[in-house]
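Trainee: Could we go through this structure together before I return to the bench?
Mentor: Certainly; please bring it up and we shall begin.

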Amino acid sequence: MLTNPSQALIRNSQYFDQQNVLVLNYEADIFAHHCLDFAHNVTALALDFNHHLILSSYANDKLQCHFGHQLPESFAETKFDTVIIYFPKAKPLMGYLLQLAAQHLSIDGQLIIVGENKGGIKSIAKLTPDYYSVPIKQDNARHCLVYISYLTQVAPALTLSDWVSQYPLETPQGQLQICNIVGVFSEKRLDQGTELLLSHLPTNLHGRVLDFGCGAGVISAALLKANPELTIECIDINAMALLSCELTLAANNMHAKVYPSDGFNQINGKFDGIISNPPFHDGLTSTTDIATQFVQQSATRLTSHGIWQIVANRHLPYSETIAAHFGKVNVLAENNKYKLYLHQR
């Protein structure tokens, strides 16, 4: 099933007929595969690892699938006839995507932008830099808008530092430097949940520790600040979050393994500790499925003396799930919004 934005693009397939197409920030469907019914070939870059996994099984000599914040270095000089951008849920990310698209378009190359009516796309003219022509609306269908623009002049080279904010953050473990790339949610202070978690970190952590849903790397950096001997692995599904985490660790002269994983599916072996402020959103929708799967999979990934500690919104049904998979529930601390759960084998 194609998402509404993808259906809107199919309606306008004449614009990329027989063209070499780059698709950026695509959604949880296989539009890029269907695009081959019209385009000459397609290269697709996912910023969401789940979306990449959905599409990658369809890869062939005419469809290349990649995950990350930009294409591999081998594409540095590659130009496409058309670049398609799905308008991101994090509106500030659009500026980055527009500059990224410009790196892969020749002068007069075509840019197609698609997004849901209520998703912020109506502001595209204000967001588009002056090296593009003014975006013109081409279609309004499936509750979505389709705009077309053209690259009119050479764009500035994409420099990641232009899209990163760095700031000091006070934590119970000491001051850290946090790097936040555009599109990743991060406040310049500890949010209540992470503060509760970091204020009660176990002092007996050792060995291999997992930071599930690492975001900008605040928890991992705090763990390493408290205990530099830990071997930490940081996972997330968002390419911009993984990049932010890598930059945060580097800014604090710390080292950890940072990689994408769909739940625990790309993780090997067991951990002596799993510490997390786990995600409970799929896009903009809150879901208990993520919480349930996380607890269930965590229980099978702890070593015999492992420590499992998470902070979660009070309204999420973690207690029942933890009791079902760990045997008992320990609420170590709580406030009016969050609970801190601990299980130690």
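**Rings, sheets and helices**

Mentor: In this predicted model, arginine 208 lies over the face of phenylalanine 271, 3.9 Å from the ring centre.

Trainee: Which ring does lysine 257 lie over?

Mentor: Lysine 257 lies over the face of tyrosine 259, at 4.9 Å from the ring centre.

Trainee: And how many aromatic pairs are there?

Mentor: The count comes to 12 aromatic pairs. One of them joins tyrosine 131 and tyrosine 132, with ring centres 5.3 Å apart and planes at 45°, so this pair is tilted.

Trainee: Is tyrosine 131 buried or exposed?

Mentor: Tyrosine 131 is buried, at a relative accessible area of 8%. Tyrosine 132 is buried too, at 6%.

Trainee: What about phenylalanine 212 and phenylalanine 294, how are they arranged?

Mentor: They form a tilted aromatic pair, 4.5 Å from centre to centre and with 40° between the planes. Phenylalanine 212 belongs to strand 10 (residues 208-212) and phenylalanine 294 to helix 9 (residues 288-301), so the pair ties together parts that are 82 residues apart in sequence.

Trainee: Are those two rings buried or exposed?

Mentor: Phenylalanine 212 counts as buried, with 8% relative accessibility. Phenylalanine 294 is buried as well, with a relative accessible area of 1%.

Trainee: Which residues form a cluster with them?

Mentor: One aromatic cluster is formed by Phe212, Phe264, Phe294, Trp308 and Phe326.

Trainee: Changing topic to the sheets: in what order do the strands run in the one with strand 10?

Mentor: That is an open sheet of 7 strands in the order 12-11-10-13-16-18-17, with mixed pairing. Its edge strands are strand 12 (257-260) and strand 17 (330-334), each of which pairs on one side only. Neighbouring strands of this sheet are turned by 20° against each other on average, direction ignored.

Trainee: Which helix packs on it?

Mentor: Helix 10 (residues 318-326) packs on the sheet and touches strand 16 (302-313) and strand 18 (338-344). The direction of helix 10 makes about 170° with that of strand 16.

Trainee: And in what sense do strand 11 and strand 12 pair?

Mentor: Strand 11 (residues 231-236) pairs with strand 12 in the parallel sense, over 4 bridges. Aspartate 236 has proline 260 of strand 12 as its bridge partner.

Trainee: What is the strand order in the sheet that holds strand 1?

Mentor: There, 7 strands form an open sheet in the order 3-2-1-4-5-7-6, and the pairing is mixed. Strand 3 (63-67) and strand 6 (136-141) stand at the edges with a single partner strand each, so one side of each has no neighbour in the sheet. The twist averages 15° from one strand to the next.

Trainee: How many bridges join strand 4 to strand 5?

Mentor: Strand 4 (residues 80-86) and strand 5 (residues 105-116) run parallel and are joined by 6 bridges. Isoleucine 84 has isoleucine 112 in strand 5 as its bridge partner. Helix 4 (residues 93-102) packs on this sheet, touching strand 1 (20-24), strand 2 (41-46), strand 4 and strand 5.

Trainee: What does UniProt place at residues 6-167?

Mentor: An unreviewed UniProt entry places the feature "domain: Methyltransferase small N-terminal" there. In the model, that span is 20% helix and 32% strand, and its end C-alpha atoms lie 38 Å apart.

Trainee: Lastly, how many residues of helix 7 are buried?

Mentor: In helix 7 (residues 218-226), 7 of the 9 residues are buried, so the helix is largely enclosed by the rest of the structure. Among the buried residues are Val218, Ile219 and Leu223.

Conventions
Residues numbered from 1 in each chain as written. Predicted model: local features only at pLDDT ≥ 70, side-chain atom pairs only at ≥ 80, totals over all residues. Heavy atoms only, no water. Pairing = 2+ DSSP bridges. Helix = DSSP H or I, 4+ residues; strand = E, 2+ residues; numbered from the N terminus. Axes fitted to C-alpha atoms, helices over the stretch in contact; angles between N-to-C directions. Contact = heavy atoms within 4.5 Å. UniProt positions renumbered as here; feature names shortened; annotations may be inferred. Phe/Tyr/Trp six-rings, centres within 6.5 Å; stacked < 30°, edge-to-face > 60°. Buried < 20%, exposed > 50% of the residue type's maximum accessible area, 1.4 Å probe, protein only. Lys NZ or Arg CZ within 6 Å of the ring centre and 35° of its normal.
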